[in-house]
Amino acid sequence: MFTGIVQAKGSIASLVPTQAGVRLTINRHGWKPAGGLEINHGDSICVSGVCLTVTAFNDQTLSFDVIPETLAMTKLGKLGQGDSVNLEPSVTAATPMGGHFVQGHVDGLGVVSSISQDQGQWRVTVTPPAALMEYIIPKGSITLDGVSLTIASVTRDSFDVALIPTTLSLTTLASLKQGDVLNVETDILSRTIVHHLKRMTEKVTST
């Protein structure tokens, strides 16, 4: 479990094919989790919105084994050496809940439809897979590339988020361009409510 509050930006050092998929190694540029915590083998790290398990580490890098399904369902399969990624360690009992509950399970890939800048604020319009729109509500929470954001507005097939300077400076979202792909995770609370209501409706209509 994560909060969507990115702690650092890393960069992809290598992507080495393996029998199980890809060995992804990230240069963490000296990053250590806040609070003096150490990263260990088997720890969960959110890499641009994807929960991955640490398989090897040293002071400079973190390595993960990424299976084909993850590569196909997320943007990790589209990244290359040198590309930047957002990093967040998993939640502990002492972690401030500054964002929202993030699982690190990507629901789908969204596309940046447009970007506008007004009075120092970036407003980004994202078109997600159509099946995700029922979980996306105005002023609700959304995770884009591992970053917890508040949904500013919603249309039939897209939504907007507003990015403040702090978000732009601390995450990879400052480099977004129209047409870019984003890992999208909808709010688990919204998904749970919608799923429960659907099941209740199915029971009523079947009786």
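Tutor: Let's start with a definition: two strands pair if DSSP finds at least two bridges between them. Keep in mind that this is a predicted model. Here, a closed barrel of six strands runs in the order β7-β8-β11-β10-β9-β12, with antiparallel pairing. The twist in this barrel averages 45° from one strand to the next.

Student: How do you know that strand β9 and strand β10 pair?

Tutor: Count the bridges. Strand β9 (residues 141-144) and strand β10 (residues 147-154) have four bridges in the antiparallel sense. The definition asks for at least two, so β9 and β10 count as paired. For one contact to look at, take L144, whose bridge partner in β10 is V147.

Student: What is the strand order in the barrel that includes β1?

Tutor: That closed barrel has six strands, running β1-β2-β5-β4-β3-β6 with antiparallel pairing. Its neighbouring strands are turned by 45° against each other on average, direction ignored.

Student: What makes strand β3 and strand β6 a pair?

Tutor: Strand β3 (residues 44-47) and strand β6 (residues 84-89) share three antiparallel bridges. Since at least two are required, the pair qualifies. Within it, V47 stands opposite L87 of β6.

Student: How many disulfides does the structure hold?

Tutor: Zero. Take C46: the nearest cysteine sulfur, that of C51, is 7.0 Å away. Looking from C51, the nearest cysteine sulfur is that of C46, again at 7.0 Å. A disulfide needs the two sulfur atoms within 2.5 Å, so C46 and C51 do not form one.

Student: Why is C46 called buried, and why is C51 called partly exposed?

Tutor: C46 has a relative accessible area of 3%. Buried means under 20%, so C46 is buried. C51 has 28%, which lies between the 20% and 50% limits, so C51 is partly exposed.

Student: Why does L197 count as partly exposed?

Tutor: L197, in helix α3 (residues 188-206), has a relative accessibility of 48%. Exposed would need over 50%, and buried under 20%, so L197 falls in between. To place L197 in the fold, note that its C-alpha atom is 39 Å from that of D118, 79 residues apart along the chain.

Student: What makes M1 eligible for a surface patch?

Tutor: M1 lies in the segment before β1 (8-18). Its relative accessible area is 47%, and a patch residue needs over 30%, so M1 meets that requirement. Together with M97 and F101, M1 makes a nonpolar surface patch of about 300 Å².

Key: Residues are numbered from 1 along each chain as its sequence is written. This is a predicted model: local features need pLDDT of at least 70, side-chain atom pairs count only at pLDDT 80 or more; totals for chains, interfaces and linings use all residues. Side-chain values use heavy atoms; hydrogens and water are left out. Patches are made of residues with over 30% relative accessible area and no salt bridge: like charges are joined within 9 Å, nonpolar side chains (Val, Leu, Ile, Met, Phe, Trp, Tyr) within 5 Å. Accessible areas come from the Shrake-Rupley method with a 1.4 Å probe; for residues, only the protein chains shown count as cover. A salt bridge is a side-chain nitrogen of Lys or Arg within 4 Å of a carboxyl oxygen of Asp or Glu. Buried means under 20% relative accessible area, exposed over 50%, partly exposed in between (1.4 Å probe, protein chains only). Axes are lines fitted to C-alpha atoms, for helices over the stretch in contact, and angles run from 0 to 180 degrees between N-to-C directions.
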